[in-house]
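User: Got a minute to go through a model with me? I'd like to chat about a few local features.

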Amino acid sequence: VQLQASGGGLVQAGGSLRLSCVASGSIFSIYGVAWYRQAPGKQRELVATIPTGRSPNYADSVKGRFTISRDNAKNTLYLQMSSLKPEDTAVYYCNAEVMTTSWDLRRDYWGQGTLVTVSS
């Protein structure tokens, strides 16, 4: 299973970006999904998640500005980011709980990260 994140780039403060994360490989089912980010010199933090069978949750710092969504038919996860701030600058990572077969355990997989830079 591979997760391929894309959509990062350089944007001015107040702008918008949409990140995508496509899962490929031997996939039976995808459960909980999430976006994390890691700013320079800081620990990786949870940005947004869609837990299995539940509504999305967001970090307080992005509530009202970011929207997480998924397209199960396309095995794709999205993060729509609006009203971006310089403090949103980070490498963004997608994460998914995946079963590769009906008898497998759920396992965590990570994308390679995509850099978002917000200029002031």
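User: Let's start with tyrosine 36. Buried, exposed or partly exposed?

Analyst: This is a predicted model, to be clear. Tyrosine 36 comes out at 22% relative accessibility, so it counts as partly exposed, since buried means under 20%.

User: OK. How many aromatic pairs are there?

Analyst: The count is one aromatic pair. Tyrosine 36 and tryptophan 110 make it, with 5.0 Å centre to centre and 55 degrees between the planes, which is a tilted arrangement.

User: Where do those two sit in the chain?

Analyst: In distant parts of it: tyrosine 36 is in strand E4 (residues 29-38) and tryptophan 110 in strand E10 (residues 107-110), 74 residues apart.

User: And how accessible is tryptophan 110?

Analyst: Its relative accessible area is 38%, so tryptophan 110 is partly exposed.

User: Which charged end sits over the ring of tryptophan 110?

Analyst: That of arginine 44, at 4.9 Å from the ring centre. There's another contact of this kind where arginine 106 lies over the face of tyrosine 31, 3.7 Å from the ring centre.

User: Switching to strands. What does E11 pair with?

Analyst: Its partners include strand E2 (residues 9-12), which runs parallel to E11 and is joined to it by four bridges. Strand E9 (residues 90-99) also pairs with E11, in the antiparallel sense over three bridges.

User: Which residues face each other there?

Analyst: On the E2 side, glutamine 12 has serine 119 of E11 as its bridge partner. For E9, alanine 90 stands opposite valine 116 in E11.

User: Which face of E11 is covered?

Analyst: The one with Thr114, Val116 and Val118. Leu115, Thr117 and Ser119 make up the uncovered face of this strand, which spans residues 114-119. So the two bridge partners I just named split up: valine 116 is on the covered face and serine 119 on the uncovered one.

User: Now backbone oddities. What is the phi of asparagine 75?

Analyst: Near 50 degrees, a positive value in a residue other than glycine. Most residues other than glycine have a negative phi, which is why I'd point it out.

User: Where is asparagine 75?

Analyst: In the loop between strand E7 (66-71) and strand E8 (76-81). Asparagine 75 is partly exposed, at 28% relative accessibility.

User: What about serine 83?

Analyst: Serine 83 is not a glycine either, yet has a positive phi of about 45 degrees. You'll find serine 83 in the loop between E8 and E9, and at 42% relative accessibility it counts as partly exposed.

Methods: Residues numbered from 1 in each chain as written. Predicted model: local features only at pLDDT ≥ 70, side-chain atom pairs only at ≥ 80, totals over all residues. Heavy atoms only, no water. Buried < 20%, exposed > 50% of the residue type's maximum accessible area, 1.4 Å probe, protein only. Pairing = 2+ DSSP bridges. Phe/Tyr/Trp six-rings, centres within 6.5 Å; stacked < 30°, edge-to-face > 60°. Lys NZ or Arg CZ within 6 Å of the ring centre and 35° of its normal.
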